[in-house]
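Colleague: Could you walk me through this one? I would like to hear how the model was treated before we get to the contacts.

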2 protein chains.
Amino acid sequence: MEKYVELLKRTQLFSGVKDTEITSMLHCLQAKLLTFKKGDYVFREGEHIDKLTILAEGKLLVQRDDFWGNRSIVNVIRIGEMFGEAYVAPESGSLLNDVIAEEDSTVIFFDVRRILTVCSTACRFHSMVVQNLFFAISEKNRKLVQKIDHMSKRSTRAKLLSYLSEEAKRHNNNRFTIPFTRQQLADFLCVDRSAMSNELCKMRDEGLLQFDKNKFILL
Amino acid sequence: MEKYVELLKRTQLFSGVKDTEITSMLHCLQAKLLTFKKGDYVFREGEHIDKLTILAEGKLLVQRDDFWGNRSIVNVIRIGEMFGEAYVAPESGSLLNDVIAEEDSTVIFFDVRRILTVCSTACRFHSMVVQNLFFAISEKNRKLVQKIDHMSKRSTRAKLLSYLSEEAKRHNNNRFTIPFTRQQLADFLCVDRSAMSNELCKMRDEGLLQFDKNKFILL
DNA sequence: ACAAGTCTGTTGTTTTTACAACAAAAGGAG
DNA sequence: CTCCTTTTGTTGTAAAAACAACAGACTTGT
């Protein structure tokens, strides 16, 4: 656990909290470390969760398979990112998605109740963490709206352009790497993989962009 | 303003706060009342907002028109509901959507900075409001994921079924009224109106549901 | 009550997407 | 290195959605 203090220091949740304070908060929040093999479920849809998690190693996908077997990827959790913020609130209902390890992963679990119930004596920085959590949920909220914006586009091409240009903007660079395989990108944008692959190649042939695997260049 | 204390008492933000305390908080948060005619912009995409708002009268739509003129409705704000929570955080960037009065509307504006900076002396219930705000953002987050879930469905029919069955579940009743005209529902689900209208009628003919205007019955 | 405008359902046509199937390329395990 | 699996691009066909255009029902304002 101690080895992840450096990582935690750079996360949104512990932003501005010092090493020694993080160490004491790990106890206060009853932090636990769990590992998952590729393909393992971290959470299942329908579960009632009372844990906030930060990813220490690997990669997670927040996704959902519907009745017809179509998969929809809602979000990717990368190292240092969080999952479960939206379920910190009491009466937040059951989880709407599966969370699955896309690679062998290590996840830090925090006790939710310990976060909201400020322990004034032990952790002076508890309130700062609560505020960080607040801003984190706020930011995830805006990201979800952005995703809705991509998905709202009518054609596969428009969805791709919307997503890719946002990634370019986010990286401040027209060269960037996406965290998806083709199938995953299709599941993220909710379109058919082969149709999307086709569209990507057309766009490349038209000189709109270049790509190699999951490295893209917008032109 | 005083006439809306009863309304505010029943909102998520002021849940658990007494009348007299709400009255004093209205000053503390520099509450201001503004009215909008049908079609007026309450906020515009790209704006930097520093106000939290609660709708007192009318109806608002959170929407966005893309390059090709396709409109996407992200959310409806009904009386007592809130907009702007996700932009309370500093550095939350510019607004991603337009907010438009769908009917003549009255909106209460609160100063965001006053909400986050707890004034310990004046308002004992300030911290409760902050917590309420926290839970509200959290809930909106989950609602956005639900919307993504509807939109992720591949066919118009599946999108409709996903949306309508959630509404039925939310109302605890297979009879319910939706807050949309056909065009708006189409914009909300990001599909073509006529195709959707067609699909609705097919579903009715197959005995899956009944409808009259925006009243629906699932069978 | 009337006229103008909006909303809804309906139809036919065009375009796009989904689906299925396969081959080539890349990556991994033994 | 070789075999096996996964990923990606490609194609043809079937299905679905978008688009356009219009008529009737319903609203709204005068």
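What follows is a short exchange on the DNA contacts and one helix pair.

Modeller: Happily! This is a predicted model, where local features need pLDDT of at least 70, side-chain atom pairs count only at pLDDT 80 or more, and totals for chains, interfaces and linings use all residues. Residues are numbered from 1 along each chain as its sequence is written, chains are lettered from A and ligands numbered from 1 in the order in which they are written, and side-chain values use heavy atoms, with hydrogens and water left out.

Colleague: How many residues surround DNA strand D?

Modeller: Near means that a heavy atom of the residue lies within 4 Å of the strand. Arg182(A), Asn198(A), Phe211(A), Thr156(B) and Asp192(B) are the closest. Sugar and phosphate make up 60% of the strand's atoms that come within 4 Å of the protein. The surrounding residues number 18.

Colleague: Which helix gives the most to that surface?

Modeller: Helices here are DSSP runs (H or I, at least four residues), numbered from the N terminus. At least two residues each come from H6 (182-189) and H7 (193-205) of chain A and from H7 (193-205) of chain B. With 6 residues, the top contributor is H7(A).

Colleague: How far is a backbone N or O atom of Thr156(B) from a phosphate oxygen of DNA strand D?

Modeller: For comparison, the side chain of Ser197(A) places an N or O atom 2.9 Å from a phosphate oxygen of the strand. For the backbone of Thr156(B), the distance is 2.5 Å.

Colleague: At what angle do H4 and H5 of chain B pack?

Modeller: Axes are lines fitted to C-alpha atoms over the stretch in contact, and angles run from 0 to 180 degrees between N-to-C directions. The axes of H4(B), residues 126-152, and H5(B), residues 156-171, are 7 Å apart. Their angle is about 145°.

Methods:
Polar contact = N/O pair within 3.5 Å; in protein donor to acceptor, adjacent residues only side chain to side chain.
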